[in-house]
Each structure stands twice: as structure tokens, then as C-alpha cells.
Amino acid sequence: MSYTLGIDTSNYATSLAVFDTAGEVVCAKKRFLPVKEGQLGLRQSDALFHHTAALPGMLAELGTEFDLTQISAVGVSEKPRPVEGSYMPCFLAGVSAGQAFALARDIPLIRTTHQQGHAAAALFAAKGAELFDQKVLLFHISGGTTDLLLCDQVRQIDLLGSSSDLYAGQAVDRLGVKLGFAFPAGAEVSRLAASCEEEIKPKSSVKGMTCSLSGLENQCTALLDQGRSPAYVCKYCLLCVADTVVKMTRAALKVYPDLPVVCAGGVMSSGIIREWVQRRLPAVMFVPAQFASDNAMGVSMLAAREAGLWLK
């Protein structure tokens with residue numbers, strides 16, 4: 001049995017996780033980056049600062065729950081996606097911490113990406129190790145992505161479809177901040193939406209595997225101006241995202257009819273979205289919120305695999 005440490009420093013949260021190669025997440029820590037009231041995120045310089053300040057204390061806290069001298073390899077997300085040119089300064093904090101830890105312990109450092117970490121965590125939560133050796137249709141829907149991906153063993157990820165304009169998470173966060181919620185606002189938008197019992201017919205714009213979400217923000221603003229309740233508008237927003245997922249999934253399954261479909265990313269932790277999608281496509285797999293939103297768990301799993309400690 002071996003243990004690996006995962007580190008992820010996204011534009012939303014600082015995350016650490018320890019994975020047991022027997023197939024279990026031993027412990028995990030996450031701290032959201034502080035965002036001033038009314039703002040829709042952080043500048044990269046501020047995000048980098050907050051990660052750098054948070055990591056020593058979070059590692060120390062992790063060390064009170066697990067003996068970090070047992071770590072055999074370290075995984076770190078070094079950029080957003082596994083494509084050329086993908087880069088965000090906020091990931092430098094995690095890379096620096098991971099390099100220091102690995103060098104001090106003389107253990108391997110495995111570099112991966114934020115998107116691959118999301119994919120690994122979602123596949124693991126959906127069916128354990130079973131989905132790691134096959135192709136999967138994977139939705140990664142967050143504040144910075146609305147991507148439908150062909151994921152092959154998490155090593156190769158190809159973009160099949162995306163949004164041509166606004167990301168789903170941006171639409172949700174902008175509505176939430178407009179309603180007075182703190183950024184990121186997805187959890188509060190989902191909570192408020194759940195209190196609306198009215199039947200709603202969403203309007204989504206999808207062509208094949210490509211969607212457009214720029215109109216969703218305007219639709220939500222118009223509904224509020226018409227006097228619709230915040231709960232109604234929140235539910236409408238989430239159902240539009242859900243209907244978008246349904247249409248993109250159906251288009252993808254025409255090309256890849258036998259592949260499993262898994263949903264990852266913070267937006268996909270919404271129960272409103274899950275219920276709408278699974279009512280129409282029961283086979284689509286959703287995972288618990290802690291595996292869907294930003295986390296280092298998938299990164300720790302990939303470290304174990306690529307270091308030859310798991311799924312050999």
C-alpha cells in the first residue's frame with residue numbers, strides 16, 4: 001500500500017488530498033479563495049498570492065490528520081488543460097509547493113492538469129477504477145469551461161463541443177452576484193432554485209455539440225425586470241444549463257453511441273441540473289459535490305497511476 005499527495009491551485013480554491021493506492025481518498029482539504037463582495041473573481045496576481053499564503057498552513061493541517069512522511073509521490077496540476085498554450089499563473093503556487101515537497105522527500109513529482117484532475121475525480125466517484133481504462137464522454141462545466149470531452153484513460157482528452165461565448169459557470173455566478181451572493185455563487189443559486197416549485201420550460205441554444213449561453217444572462221436579467229422571483233430566475237438559469245447538457249449529450253451519443261457519460265465541474269454538483277438531465281437521460285452519471293467541484297483528489301489519483309503505484 002502506498003500514498004500520494006495531490007495539489008491543485010485553481011482560480012477558485014486551494015486544494016490538497018491524500019490518496020491510498022488501495023483505492024480510497026484518505027483525507028482532503030479545500031479553501032476557497034477570498035473574493036470581495038460584488039466582484040466576479042480575482043486577478044491572477046491576487047489568486048497566486050492567496051494560494052502561496054494558504055498552502056503552508058493547509059499542509060500543516062493535513063499533517064495533523066495524516067503522516068506525510070508516508071507519501072510516495074506528489075501530483076500537481078500545472079495548468080488548466082492538457083493542450084499547448086494552456087496557462088494560468090495561479091497554478092505556479094501549487095507547482096512550487098509540489099516541487100519543494102518532492103525534492104525534500106526525494107520522491108517523484110507528477111505534473112498533470114486541472115481538467116485531468118476533474119476527470120479523474122469524477123470517473124473514480126462514478127465507478128471506482130473501472131472507467132480509467134476506457135473512453136468516456138465527459139462534461140467539464142465550471143466557471144471557466146463548458147466542455148464536452150472525449151476522455152481516453154484520462155491521458156488523452158479531446159474537445160468535442162463547447163460554448164461559443166459565455167461559460168455556464170459565468171452565467172450562474174453573474175446571476176448570483178447580481179442577487180447579492182458571494183462569488184462563486186453556484187451553491188447559493190442552486191439552494192434558492194430548489195425553493196421554487198413552479199414548472200419552468202427552459203430555452204437553450206445548441207447546435208450539434210456546440211452551445212451558446214450569452215443569451216442566458218440577458219434572459220435572467222429580463223425575468224428579474226419582469227418581476228419574477230429570484231428563486232424562479234435561479235431555477236430557470238440552472239434548467240437552461242441542464243437542457244443544454246441534454247441536447248449536447250444526445251448529439252454526442254449519435255457519434256459515440258456506446259460510451260458512458262459522466263458529468264464533472266462545480267456547476268454539475270447542482271441537484272436541479274442532475275434531476276432534469278437524468279429524467280431524460282437516466283444513464284448519465286453525476287457524482288457527489290466534493291468530487292465534482294474543484295479538488296485535488298483526482299490529481300492525487302493520477303500521481304498514483306503515473307508513478308506506477310496504482311492501476312499498473
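In this predicted model, the side chains of S77 and D8 are joined by a polar contact of 2.4 Å. S77 belongs to strand β4, which covers residues 71–77. Is S77 buried or exposed? Its relative accessibility is 0%, and buried means under 20%, so S77 counts as buried. Leaving aside residues up to four places away in sequence, S77 touches I7, D8, T9, F91, V95, T112, T113, H114 and V299.

Helix α1 comes next. The helix runs over residues 44–63, which makes 20 residues. At 1.5 Å a residue it should span 28 Å, and the C-alpha atoms at its ends are 28 Å apart, so the expected span and the model agree. The helix also has a bend of about 35 degrees at L55. A proline, P56, follows L55 within four residues.

Which residues of α1 are buried? They are Q44, A47, H51, A54, L55, M58, L59 and L62. An α-helix has 3.6 residues a turn, so residues three or four places apart point the same way. That spacing is worth keeping in mind when reading the list of buried residues in α1. The cover over these residues includes strands β1 (3–9), β2 (13–20) and β3 (24–32), along with helix α2 (91–105).

Another part of the model is an open sheet. Strands of a sheet pair through backbone hydrogen bonds, either parallel or antiparallel. This sheet has four strands in the order β8-β7-β6-β11, and its pairing is mixed. Its edge strands, each pairing on one side only, are β8 (156–161) and β11 (261–264). From one strand to the next, the twist averages 30 degrees.

The two kinds of pairing can be followed from β6. Strand β6 (residues 135–141) pairs with strand β7 (residues 146–152) in the antiparallel sense, over seven bridges. Here L137 stands opposite L150 in β7. With β11, strand β6 pairs in the parallel sense, over four bridges. In this pairing H140 stands opposite A264 in β11.

Which way do the residues of β11 point? V261 and C263 point one way from the strand, whereas V262 and A264 point the other way. All of these residues are buried.

A helix also lies across this sheet. Helix α7, residues 230–255, lies across β6, β7, β8 and β11. The helix runs at about 160 degrees to β6.

Key
Residues are numbered from 1 along each chain as its sequence is written. This is a predicted model: local features need pLDDT of at least 70, side-chain atom pairs count only at pLDDT 80 or more; totals for chains, interfaces and linings use all residues. Side-chain values use heavy atoms; hydrogens and water are left out. The expected span of a helix is 1.5 Å times one less than its number of residues. The bend at a residue is the angle between axes fitted to the seven residues ending there and the seven starting there. Buried means under 20% relative accessible area, exposed over 50%, partly exposed in between (1.4 Å probe, protein chains only). Contact means heavy atoms within 4.5 Å. A polar contact is a pair of N or O atoms within 3.5 Å; within protein, one must be able to donate a hydrogen and the other to accept it, and residues adjacent in sequence count only if both atoms are side-chain atoms. Two strands pair if DSSP finds at least two bridges between them. Axes are lines fitted to C-alpha atoms, for helices over the stretch in contact, and angles run from 0 to 180 degrees between N-to-C directions.
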